[in-house]
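The following exercises concern one residue and one interface. Each task is followed by a solution in steps.

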Amino acid sequence: MLRRRINRLCGGDEKRLDSRTIYVGNRPCPDTEAFIPSKFCDNRIVSSKYTVWNFLPKNLFEQFRRIANFYFLIIFLVQVIVDTPTSPVTSGLPLFFVITVTAIKQGYEDWLRHKADKEVNKYLVTVLEDGRSVRKESEKIKVGDVVEVVEDETFPCDLILLESSREDGTCFVTTASLDGESNHKTHYTVSDTEKDLQALTATIECEQPQPDLYKFVGRMHIYQQEQEQEQELVVRSLGPENLLLKGATLKNTKKIYGVSVYTGMETKMALNYQGKSQKRSAVEKSINAFLLVYLCILISKAIVCTTLKYVWQSKAGQDEPWYNQKTQKEKDTNMYLKMFTDFLSFMVLFNFIIPVSMYVTVEMQKFLGSFFITWDKDFFDPEIEEGALVNTSDLNEELGQVEYVFTDKTGTLTQNNMEFIECCIDGFQYRYRDTLSEVDGPVNNQQQNAGQEKEELFLRALCLCHTVQVKEAGSEVLVDEVDGMDGLLPQPEQETGFIASSPDEIALVKGAMKYGFTFLGLESKCMKIKNRQNDIEEYKLLHVLNFDPVRRRMSVIVQNNSGETLLFCKGADSSIFPRVRPEEVDRIRMHVERNATDGYRTLCVAYKKLSAEEYAMADAGLMEARLALQDREERLISVYNQVETGMSLIGATAVEDRLQEEAAETMEALQGAGMKVWVLTGDKMETAKSTCYACRLFQRGTELLELTVRTLKDEDKKRDVKLKELLQEYYKKAVLDAPPVRPGVTRSWSTANQDYGFIVDGATLSLVMNPPCDDDASQNKSFFLQICQSCTAVLCCRMAPLQKAQIVKMVKNSKGSPITLSIGDGANDVSMILEAHVGIGIKGKEGRQAVRNSDYAIPKLKHLKKLLLAHGHLYYVRIAHLVQYFFYKNLCFILPQFLYQFFCGYSQQPLYDAAYLTMYNICFTSMPILAYSLLEQHISIEILLHNAALYREIANNAMLRWRPFLYWTLLGIFQGLMFFFGVRFLFSNPALQDNGQVFGNWSYGTIVFTVLVFTVTLKLALDTRHWTWINHFVIWGSLAFYVFFSFFWGGIIWPFLKQQRLYFVFANMLSSVSAWLVIIILILLSLLPEILLVVLRKPRGHHSQQKKQSQSNVGGNQSPESSTRPLLMRTFSDESSPVV
Amino acid sequence: MRKSSCRRGGTPEDIRMKNEEEASERPDNTAFTQQQLPAWQPVLSAGIIIPGFLIIGLAFLGIGIALFLTSQTIQVLEMDYTGVEKDSPCFRCTSPSNQTCTCEVTFSLSTLFTGPVFFYYGLSNYFQNFRKYGVSKDDYQLTGDTQYFKSPRDVCFPYAHDSKNNPIVPCGAIASSMFNDTFELYQIINGTKKKVPLDGKGISWWTDYNIKYRNPLPVNGSFASAFDGTVKPINWPKAAYELDLTDPNNNGFLNQDFLVWMRRAALPQFRKLYRRITEGDYATGLPAGNYSLTVYYNYPVLSFDGRKKVVFSNVSWMGGKNDFLGIAYLVVGSLCVVMSVVMLIVYAKFKFSDDDDA
């Protein structure tokens, strides 16, 4: 009570308190004298970044925060302020273009957001105010308002459900737009509130807004007016099941009333949509490094020129010859100031070496290039009618650089399409056979039957111990709807559908159905099942002890007709076995382990009869824990653990989770491409191991190094001592004794190297990562990492989601910072998807969370192969070439201009005309490289897919390392020298026309520029291995455009130009045979090294490619065509062929 | 360009919209979207490369030989007349006190100097390509726009006004520094001087003469009065309208010597066309014999260590004499031929080794 007072008094300081108090209907509570409404934010959603007023300054500010834009702005300002050789237009125009295009794009995007916001904020909702229904705009909802929502409407803010039109006080919602799960979720009203909303006086105390969609704790104080004077205070606990989230949609329920608790930007949805941190690709880092080099080149060029200028000028008569005298102002200027302005002028003159257009082209390439992923019909999955999804185009090239693949198991490697395979009751194995089901009774024994009683108890347990809902066949809406869970699978024989959060549960319920026990549904806390005799049995559902990944089990407490209270529990063997009588374990353990090695998911089922006292205790404990505001989770778990003891084991189930289509082929291809595949799963070791075998991650020759709880507890040493021992042993084995591996090659086809597989489990991992004592923790950690890195495949089982991210982070930050990729389909993979360099989501069954947080989303695992081997490889090659080419072409563009300074008295005389300076990067040479960077396939997609080893050729950022950069730079320097000095020697006699007339400086520049444009374009043509008509069009088109433009530019007296310096220069140049000849020979000479390299490299490259191809055929003898395939390696695609 | 920021952090409405779109949009199955456009994949096989190199090499060799031979046939006669050495004929003109100085350079030709002979003057260590120098002119004046005669552009400073603040036309450093040595060529036949006619037409670019530069329109029928209120550039002996009083078509801004000077040279060592020898007895060339060149020495170059020279040359289809091109073609051509041979060897070797592998 005191606490609430304080809350009220400090309403303004809400943020600092850990709970908030809400008055339902904004009515004062009887026990408070003064009602002070607390201030909460209104229900307006603002996702837009700008307003009309602040768009220009804010957008410009953000754009100029980019280092490149800022650099060009500085250059532009220098040009405006200082008297520089080139006009401000030459750098201002491209900058203006870039800034404008970006601003328009961002403005448009923000306009769309504004529109969406407005739509949401102006949406009319019904609010109950003083007993009347008032239509209000959604943005005007205040915290504490009672809101009415009708079917198929989305909730305008986060609501606590008070009253539902359904009689059992439930309502159904779908959260498809929040987390993509399209199944119907049941939410419950707070008991005792649904009587009369007008008379309801209550306060809600709940936690401050937090983004976790699935967590909510709160408490409701209801003041019941039973007699006029007496008010009874009732307290009810509130959980996520009472909270309706903004963005979710009401389904299958006519109308509900709820009180708003979080509004506007404080709703869970809004909190969840805050931007994520930008991922930057390795290529971008390379670009920045190269940029730095070029900046150094630029500055040193400017310094060299400035220094030489003053050295040269110090010679008598050079500084101010009589024909070029200075103005009085120039003479008066301070010497150092002059030097500084000279330096700036040189900077401006050479600034084109850092290409402004590269950023635009790279962005365009990434943006347009990502469409090819979306468009790829191979990624189209007819089942879900969707193709790949690109959430960010910044990482396209990173797909070609992946070194570590972290994959989830369930739903990623496997289909998450569960099928009940067999069960084991009391130690006897039951395997279901279709043919006998109806005639002989559903249970078909193989050797012996367990007792009838045990059998039925087991099946009842399967029918009762779950949270499955029956899809209501009566409602037409639901029949038509293709539901996220079950609708994907054709179920002709099945008249009832089930909805559950986990497909295992459906598989189990369906399994029980096959044996004659059908779950009919849950109605007002009463579960109905139809038994073998077609009688309906009813059980009162008392409590559900929810599943969570830490406990790895769930239980229900039910009461049957005869008044017995039963607890049914199902869960992973490791969590069940310690809680049952040990003598029962052995018979079943054998089955469980055999099933696990077969790759099935096993669950054990146990039960317990609760005496009245036991139940009363449990009930009280649960109620108390549920009402707790603090540490509710922990308290609940401790109560759960108390209740779930001393059970007796009934049996175990085996559910098959089939491998994804082509999972094994995909994994093999990834390993062949030099990637290391790590499986991170929450599943148990045996199951995960069998999946790994089935995916060929582990092969028969693979020696497994196991670092799990099992191997640690063998002896009577302490765990950390044993851990250290094992780590050292494995380290010696896998790292020290292994022959040194050549970089880039991790698993060659024919070597006799021992392959190692490493298995670690979550508990051990946390021991390594967060050791209790930290004396040799760092050594353990480094050993662990090195063992992991030298193994071909690593399996991490029993992982919590955060541990997955921890592993990814560890590898990501290890030496050489390898590129990591995470692929997963479920909410539990989100953390690792966000952590890895590239996150891939699979549009699987576990909702859309992974897809939403991923960078790329694909429908199936098998698509990963093409995404990486073909798309990733090509994107990387394209962008790497793009970057190198850009630096190269600007180097040989500016180098002649630099060299010219030595011949013009360091006077910053530009070699090229301003039009050429401006247009070079924008028009003359931009399109061919863009087309190249979008269309190039230096190796065809088929070969890339067929021959995974090709992926290794570009590993470790091979095309953007310093060596290739140096090569390109030297090429640029060589060509720049060629261009300049070739023309220089020609101009030793400037009489180049047959009429004896001489050429001037602009002719000189134009000849150099013509050679330059042709050479860099033809250089690209030489590099192009894949000439589509577009390439032809842009390459020849660019050259034609250059010639056309030059004619045009020099053919007219342009009235807006002060100097007609290029007038007829180009045409005169073409009339000179010598100019033609020098252009031809310089182009050829510049390209000669390149041609030679292509020619001399070609035969080798070509043949090795063929060789590799044949090798891969030899090595890949386990490819689908071969007949001798181990039994374990079956996949869905194999089995779908008619076996019977 | 932050396209990703929007795409990733979209509102749920965006996401839903996107989902719906995708569901309806099956990817287009076109060659372009599937990256399956028909494409030519150039395979630089030895069968193409080796003959290709050979052909290019031979062609270049051919061109190179032609260029080289042509260049060899071109006759050039260069004479430095700066007068640095004491015994040179123009030495006495180098002293600044000598205002109007004439000197005579004699030379003899042993064979016929084939015509048409082109007469160039050359300057070295003279930077016509200074940036400030290069922009120091007013194109509006030079197109004959008299409005700009009174107010020259700022870039002309300090060559825009004389000491009395009268506007200079044509203004600017280039015009002001116009080369003003003049030459007369005589053939000495039996001790008597026979003047060789020099043709001053057609030495500038056709477009410069006909389009780019324009004279101001005559005022009251007098060309000179169009320049009223302006003064001649300080270094000029005569005003612009007096450059060639004999030929009105060669006067003013359209004076060919002026036009040649205004086209800036690319390098600090350059030559510019002065006259052609195309007329009379000398149309076929300068016959063998002794000649005397009278130099009206006006242009100072020694202050910046410059040199002046005259060049007599005839031209071919490739222009003036230039050995560089011919040699370059010969080198590259032979390089290509050698390369093709090397490649043939390399290719043969690889082919055999491949056979071994197979």
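**Exercise 1.** Determine which residue shares a side-chain polar contact with Asn1031(A), and describe the surroundings of Asn1031(A).

*Solution.* The side chains of Asn1031(A) and Thr1028(A) are joined by a polar contact of 2.8 Å. A polar contact is a pair of N or O atoms within 3.5 Å; within protein, one must be able to donate a hydrogen and the other to accept it, and residues adjacent in sequence count only if both atoms are side-chain atoms. This is a predicted model, in which local features need pLDDT of at least 70 and side-chain atom pairs count only at pLDDT 80 or more, while totals for chains, interfaces and linings use all residues. Residues are numbered from 1 along each chain, chains are lettered from A in the order in which they are written, and side-chain values use heavy atoms without hydrogens and water.

Next, Asn1031(A) is buried (under 20% relative accessible area, 1.4 Å probe, protein chains only), its value being 1%. Beyond its neighbours within four places in sequence, Asn1031(A) is in contact with residues including Ala931(A), Tyr932(A) and Leu935(A); contact means heavy atoms within 4.5 Å.

**Exercise 2.** State how many salt bridges the rule finds across the interface of chain B and chain A.

*Solution.* The rule, a side-chain nitrogen of Lys or Arg within 4 Å of a carboxyl oxygen of Asp or Glu, finds one salt bridge across this interface. Glu330(A) pairs with Lys132(B) in a salt bridge, with the closest N and O atoms 3.0 Å apart. The two chains also have 31 residue pairs in polar contact, both residues at pLDDT 80 or more. Finally, the contact takes 132 residues from chain A and 104 residues from chain B.

Notes:
Buried < 20%, exposed > 50% of the residue type's maximum accessible area, 1.4 Å probe, protein only.
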